[in-house]
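Thank you all for coming this morning. I would like to walk you slowly through one model, and I will ask you to keep the display in view while I talk.

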Amino acid sequence: PFWLKDQRAALPFPAPPIRRQHSTPMAGEKKQLAGGAAKAKRVKKTKQPVRLYAKGVILGYKRSKSNCYANTALLKIEGLRTRDGASWYFGKKVAYVWKAKKEVQNSKFRVMWGKVRRAHGNSGVVRAKFAKNIPPRAFGAPCRVMMYPSNI
């Protein structure tokens with residue numbers, strides 16, 4: 001207690017122990033066992049899941065002012081800002097994953113697979129071809145650019 005802080009040594013009876021708010025040890029402290037001996041335990045750290053894909057966004061179809069090329073989609077990949085950096089992603093697989101109402105093969109998730117083909121402009125946008133043309137409702141939706149097949 002705060003009123004016994006300065007008078008602990010002058011008390012005729014043993015003072016109650018000062019308790020901390022938190023039971024977890026502070027940085028640099030070791031937790032003491034009931035016997036009083038400090039024993040260093042190896043704490044097994046939980047592994048964080050590793051993401052094997054880069055995040056991307058489907059921007060739309062490749063197009064000109066009046067023509068629309070639905071067989072080629074434009075993707076913006078997270079962290080990619082240059083045309084030179086885009087060359088690493090050429091040939092990588094792209095997955096557009098969405099959730100449907102009807103369950104097929106015990107899953108409500110559906111996937112459309114494609115492949116990154118080439119760069120589009122100088123700001124890191126790439127062109128991708130999908131097995132079937134991407135539906136327009138996918139514009140602005142996230143996609144996954146897989147880190148395979150790798151050529152390194």
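Let me begin with a question: in the hairpin of β3 and β4, which residue takes a positive phi? It is Gln-105, with a phi near 50°, in a hairpin that has 2 residues between its strands. Please bear in mind throughout that this is a predicted model.

Stepping back to the whole chain, the secondary structure comes to 1 helix and 6 strands, and if you read along the sequence you meet them in the pattern β-β-α-β-β-β-β. The 6 strands close into a barrel, in the order β1-β2-β5-β4-β3-β6, with antiparallel pairing, and on average neighbouring strands of this sheet are turned by 45° against each other, direction ignored. Of the 152 residues in the protein chain, 23% count as buried. If we take the contacts with a separation of 6 or more, 54% of them are accounted for by residues 24 or more positions apart.

Now let us follow part of that barrel, strand by strand. Strand β3, residues 93-104, pairs with strand β4, residues 107-120, in the antiparallel sense over 8 bridges, and within this pairing Ala-95 has Trp-113 of β4 as its bridge partner. From β4 we pass to β5, which runs antiparallel to β4 and is joined to it by 6 bridges; here Lys-115 stands opposite Lys-129 in β5. These two strands also form a hairpin, this one with 4 residues between them, and in its turn Gly-121 has a positive phi of about 85°. On to β2, residues 68-77, which pairs with β5 in the antiparallel sense over 4 bridges.

That brings me to the residue I most wanted to discuss, Arg-127, which is found in strand β5, residues 125-130. Across the pairing with β2, Leu-74 stands opposite Arg-127. Is Arg-127 buried or exposed? Arg-127 is buried, and yet it has no salt bridge, the nearest side chain of opposite charge being that of Asp-84, 15 Å away; for a salt bridge, the nitrogen and the carboxyl oxygen would have to lie within 4 Å. What the side chain of Arg-127 does have is a polar contact of 3.0 Å with the side chain of His-120. Leaving aside residues up to four places away in sequence, the residues that Arg-127 touches include Lys-62, Thr-72, Leu-74, Lys-115, Arg-117 and Arg-118.

Conventions. Residues numbered from 1 in each chain as written. Predicted model: local features only at pLDDT ≥ 70, side-chain atom pairs only at ≥ 80, totals over all residues. Heavy atoms only, no water. Buried < 20%, exposed > 50% of the residue type's maximum accessible area, 1.4 Å probe, protein only. Lys, Arg positive; Asp, Glu negative; His and termini not counted. Polar contact = N/O pair within 3.5 Å; in protein donor to acceptor, adjacent residues only side chain to side chain. Contact = heavy atoms within 4.5 Å. Pairing = 2+ DSSP bridges. Axes fitted to C-alpha atoms, helices over the stretch in contact; angles between N-to-C directions.
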